[in-house]
Amino acid sequence: MKKLFLYPLALTSFIFFSCDDDDNIPETQNEITTPTEYVFERDGESTVSFSGQTTRLQMAEEMIPAFFDPSSSTIESLNGMYAHEEGANNFSNDALNSSGKNIKSKVAASIDFFASNTVESAKIQQDFEDFIAGQVNSVFPFWNTEASIGVAGQIAEGTTTRYVSAKGLEYDQAFVKGLLGALMTDQMLNNYFSTAVLDAGQNVENNTNDITDEGKPYTTMEHKWDEAYGYIFGNAPDAANPLATVGNDDNYLNKYLGRQAGDPDFEEAPQRVFNAFALGRAAIVAKDYELRDEQAEIVRKEISEMIGIRAVYYLQIAKVQFDNGNLGAALHDLSEGYGFIYSLRFTRNPDTNAPNFSSEEVDGYLTTMLESSDNGLWDISFATLDELSNTIAARFDFTVEEANND
């Protein structure tokens, strides 16, 4: 390890000294200006690094079209992408094939929620293999069949063709929206923001003394924070200014943060998330760990609420689609809602530091969606959708009406 003097590009720190007329004791206050860009340097070299997160985002992106390729995709090939092994030819991108990283190892793997809960972690990892098996075994054989109640196959949503199970569920949506929670959200909120990770070992001492990782320009604490950032902005063409393209950089958290920008009730959310990331990183540079943790709490609240909003939105918009006779659109919306509900297990209440929803609650909601009638999503009742929506919204600081205004 080496010790370097620090010259943060995006940090402005002012120290004010004032004298109290009563006791003449000087008061000191540090003010850290929120960086407008996610740019941090040491001796002219960038200290920002999240290549591993970009790799996993790109692996997850390649899995989406593979769900729609019954002529080539098999359980083995999809599981190969999910649990990639270094050197295996699972992806079209050679850089991904040569990577030693994979998706599965980071699913439900946060230190705060799953380090002592390996049984549930294994169950969740298996859920994604079950979504894959469902697509191959229950949907691919009916790829050219017209779907109907109790019959898997294809169904139109406007000019787009959707592919559903006999119960109306799109396994691809369950996989993608579920992964958004089980991988990206869990790793961001419950792993890299955890003080058990940020402050592990000598991290605080080393960061305070500008002792960087061996051969790297960053301290371990800086790097852990950047890895959290990478799970939402790591695939942006300009990760220093990611809000310019937010919503278009991947189909996971980034996409739905972008949706927030288009909703008048939540349009400031993307800026708040970016500001919290940038200020938290600047606080690490300034050794202000209390301010760092305050920014982590802001991101936790915003991302958790975003997942709740999307869950409620899709349950509610499905009612409109049913009323308009757009059955394909209704099933697609419900499938998205199913995946977002799955992801509620990985959200975090900043006041309690516990999940906003227990695994038992989430499992109960998912069972209700598919088992409240013999036909699953095809004829789920509006009363059930409203009950689920109200239950979810009640745990957050938004209303069903606000979530439904998208």
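## A tour from helix α12 to the pockets

Glutamine 295 sits in helix α12, and that is a good place to start exploring. What you are looking at is a predicted model, with a mean pLDDT of 93 for the chain. From this helix, we can move on to the nonpolar core, two pockets and a handful of individual residues.

**How confident is the prediction?**

- A pLDDT of 70 or more is reached by 92% of the residues in the chain.
- Over residues 1–29, the pLDDT is below 50. Beyond near neighbours in sequence, this stretch still has 60 contacts in the model.

**The nonpolar core and helix α12**

- The largest nonpolar core is made up of 114 residues.
- Which residues have the most contacts inside this core? They are Val107, Phe128, Phe175, Met188, Phe277, Ile303 and Ile341.
- Helix α12, which covers residues 289–323, gives the core its largest share, with 16 residues.
- Phe277 is worth a closer look: leaving aside neighbours within four places in sequence, Phe277 contacts Tyr38, Met188, Phe193, Trp225, Ala228, Tyr229, Ile232, Phe233 and Val299.
- Back in helix α12, is glutamine 295 buried or exposed? Its relative accessibility is 7%, so glutamine 295 counts as buried, the cut-off being under 20%.
- Setting aside residues within four places in sequence, glutamine 295 is in contact with Trp225, Ala276, Leu279 and Gly280. Trp225 also appears among the contacts of Phe277.

**The largest pocket**

- This pocket has a volume of about 200 Å³.
- Its lining consists of Asp127, Asp130, Phe131, Ser165, Lys167, Leu169, Tyr171, Tyr338, Tyr342, Leu366, Leu370 and Glu371.
- Which helices each supply at least two residues of this lining? They are α5 (118–139), α13 (327–343) and α14 (359–371).
- By type, the lining has seven nonpolar residues, one polar residue and four charged residues.

**Serine 165, a residue of that lining**

- Serine 165 is one of the residues lining the largest pocket, and its place is in the loop between β7 (160–164) and α6 (171–192).
- With a relative accessible area of 6%, serine 165 falls under the 20% cut-off and therefore counts as buried.
- Not counting residues up to four places away in sequence, serine 165 touches Val139, Val151, Ala152, Tyr171 and Trp378. Among these, Tyr171 also helps line the largest pocket.
- Where the chain folds back, sequence distance can be misleading: serine 165 and leucine 377 are 212 residues apart in sequence, but 9.8 Å apart in space, C-alpha to C-alpha.

**The second largest pocket**

- The volume here is about 150 Å³.
- Lining this pocket are Lys301, Ser304, Glu305, Arg348, Asn349, Pro350, Asp351, Asn356, Arg395, Phe396 and Asp397.
- How many lining residues are nonpolar, polar and charged? There are two nonpolar, three polar and six charged ones.

**Two positive phi angles**

- Aspartate 210 has phi near 55°, a positive value in a residue other than glycine.
- You will find aspartate 210 in the loop between α8 (203–208) and β8 (211–212), and at 12% relative accessibility it counts as buried.
- Lysine 287 also has a positive phi, near 65°, and is likewise a residue other than glycine.
- The loop that holds lysine 287 runs between α11 (269–285) and α12. At 25% relative accessibility, lysine 287 counts as partly exposed.

**Two partly exposed residues**

- Glutamine 154 belongs to strand β6 (residues 153–157), and it is partly exposed with a relative accessible area of 27%.
- Glutamine 154 touches Phe142, Trp143, Asn144, Thr145, Glu146, Ala147, Thr161, Arg162 and Tyr163, not counting residues up to four places away in sequence.
- Between glutamine 154 and phenylalanine 140 there are 14 residues of sequence separation and 9.9 Å in space, C-alpha to C-alpha.
- Leucine 327 is in helix α13 and is partly exposed, at 31% relative accessible area.
- What does leucine 327 touch, not counting residues up to four places away in sequence? Its partners are Ile155, Phe322 and Trp378; Trp378 is also touched by serine 165.
- Leucine 327 and alanine 156 are 171 residues apart in sequence, yet 8.2 Å apart in space from C-alpha to C-alpha.

Methods:
Residues are numbered from 1 along each chain as its sequence is written. This is a predicted model: local features need pLDDT of at least 70, side-chain atom pairs count only at pLDDT 80 or more; totals for chains, interfaces and linings use all residues. Side-chain values use heavy atoms; hydrogens and water are left out. pLDDT is the predictor's confidence in each residue, from 0 to 100. Contact means heavy atoms within 4.5 Å. A nonpolar core is a set of buried Ala, Val, Leu, Ile, Met, Phe, Trp, Tyr and Cys residues joined through side-chain atoms within 4.5 Å. Buried means under 20% relative accessible area, exposed over 50%, partly exposed in between (1.4 Å probe, protein chains only). Helices (H or I, at least four residues) and strands (E, at least two) are DSSP runs, numbered from the N terminus. On a 1 Å grid over the protein atoms alone, a cavity is a set of points where a 1.4 Å probe fits but cannot get out, and a pocket is an open set with protein on both sides within 12 Å along at least five of seven lines; lining residues have an atom within 4 Å of a point. Grid points are joined across faces, edges and corners, and a volume is the space filled by probe spheres set on the points. Ala, Val, Leu, Ile, Met, Phe, Trp, Tyr, Cys and Pro count as nonpolar, Asp, Glu, Lys and Arg as charged, and the others, Gly among them, as polar.
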